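Visitor: Could you take me slowly through a single part of this protein, the place where its aromatic rings come together? I would like a close look at which residues take part and how their rings are arranged.

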Amino acid sequence: MTAVPVWAWAATLAVLAVLIVVDLALTRGPENGLRAAAVESALWLGAALAFGGVLWLWRGPTIGSQYLAGYLLERALSVDNVFVFVLLFASMRVPAELQRRILFLGVVGALVLRGVFIAAGGALIESVSWIFYVFGAMVLLAGARMFRAGEGGSGNNLAVRGLRRVLPVTEHYDGGRLLTRVSGRAMATPLLVALVAIAVTDVVFALDSIPAVFGVTRDLFVVFTSNAFAVLGLRALYFLLAGSADRFVYLKPGIALLLVFIGVKMLLYDVVHMPIWVSLVVIAVVAGGAIGASLWRDRRLRRLHEVPHPAAEPHPAAEPDPAAESRSAAESHGPVRT
């Protein structure tokens with residue numbers, strides 16, 4: 001793994017902190033419309049690509065390509081996070097006006113936890129060389145599991161039940177508070193339960209996605225920054241896709257295929273050395289193809305189920321009215337002169 005100067009880490013963390021503050025300032029209002037979410041998501045995508053451009057110029061095209069491949073992989077995997085968040089918020093009845101705050105806190109917490117996981121994973125790979133193949137097996141198994149429907153809820157349920165055993169939880173929300181007092185007794189609100197569930201969800205996904213990025217690059221700086229930009233854009237992506245989760249039916253199989261590909265690539269690392277551009281093309285084609293096929297299927301189904309407008313339906317034939325026909329003929333030929 002190539003060492004990166006301390007100043008580069010400090011500058012990157014400072015840039016990320018500034019972007020988080022700017023994002024928070026721009027989205028302080030209650031408006032969570034589709035247009036605002038699209039603009040916010042586009043800004044995060046632009047920031048991620050701009051950082052990749054700087055990395056390309058600074059450390060060369062190989063590192064730049066590794067960053068782009070890692071970012072695209074994490075971005076594709078994060079879409080599955082979004083759909084789990086949709087189900088989680090619906091099951092816990094989190095008010096729409098509080099979802100943005102929970103996602104912000106969850107994203108920042110996820111960034112810290114992923115930083116710890118990445119540092120630990122890098123240290124393990126450096127000290128125990130065969131752990132890389134363990135990571136490959138984990139990624140391969142994750143892809144195989146994802147082909148099965150309905151995975152991903154057990155971790156949240158365990159976290160919620162565990163928190164409810166440790167802390168008393170109120171039945172109702174108390175504005176944006178995580179903790180409140182009822183009859184002088186400190187209690188957690190359902191908002192805190194939702195926040196813990198979001199954090200646990202990201203930890204579960206990180207156990208699959210971080211080893212997958214190590215399959216693209218072993219550079220800790222690239223692994224962290226590609227994760228950071230993908231995770232920080234997760235909140236905007238949620239509000240952009242929350243209402244259309246059922247449209248991307250082929251996304252989960254596509255993500256599963258990507259994980260299987262990366263897992264096999266990691267297990268065959270010493271046998272087949274695959275250029276980074278191959279990984280980049282596979283990630284882009286599979287993720288883009290899954291999204292495109294899902295949207296095509298959704299449009300096709302909408303056309304098949306379209307109900308014709310009543311005005312377009314033919315009216316039943318009526319008995320001819322001789323008087324009306326006479327009037328119509330007279331009007332069409334103009335007034336009769338005598």
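Guide: What follows is a walk through the aromatic pairs of this model, and then through the charges that sit over rings. Please keep in mind that the model is a predicted one. The structure holds twelve aromatic pairs, and ring pairs link W7, W9, F51, W58, Y67, Y71, F221, F224 and F229 into a cluster. One of these pairs is formed by W9 and F224, whose ring centres are 5.9 Å apart and whose planes meet at 45 degrees, so the pair is classed as tilted. This pair connects distant parts of the chain, since W9 belongs to helix α1 (residues 6-26) and F224 to helix α8 (residues 220-232), with their positions 215 residues apart. W9 has a relative accessibility of 29% and therefore counts as partly exposed, whereas F224, at 10%, counts as buried. Another pair in the cluster joins F51 and F229, with ring centres 5.2 Å apart and planes at 40 degrees, so this pair is tilted as well. Here too distant parts of the chain are linked, because F51 lies in helix α2 (residues 34-59) and F229 in helix α8, 178 residues apart, and both F51 and F229 are buried. Turning from ring pairs to charges, R59 lies over the face of W58, at 5.7 Å from the ring centre, and W58 is itself one of the residues linked into the cluster. A further charge is found with F132, where the charged end of R218 sits over the ring, 4.0 Å from its centre.

Conventions. Residues are numbered from 1 along each chain as its sequence is written. This is a predicted model: local features need pLDDT of at least 70, side-chain atom pairs count only at pLDDT 80 or more; totals for chains, interfaces and linings use all residues. Side-chain values use heavy atoms; hydrogens and water are left out. Rings of Phe, Tyr and Trp (its six-membered ring) pair if their centres lie within 6.5 Å; planes under 30 degrees apart count as stacked, over 60 as edge-to-face and the rest as tilted. Helices (H or I, at least four residues) and strands (E, at least two) are DSSP runs, numbered from the N terminus. Buried means under 20% relative accessible area, exposed over 50%, partly exposed in between (1.4 Å probe, protein chains only). A charge sits over a ring if NZ of Lys or CZ of Arg is within 6 Å of the ring centre and within 35 degrees of the ring normal.
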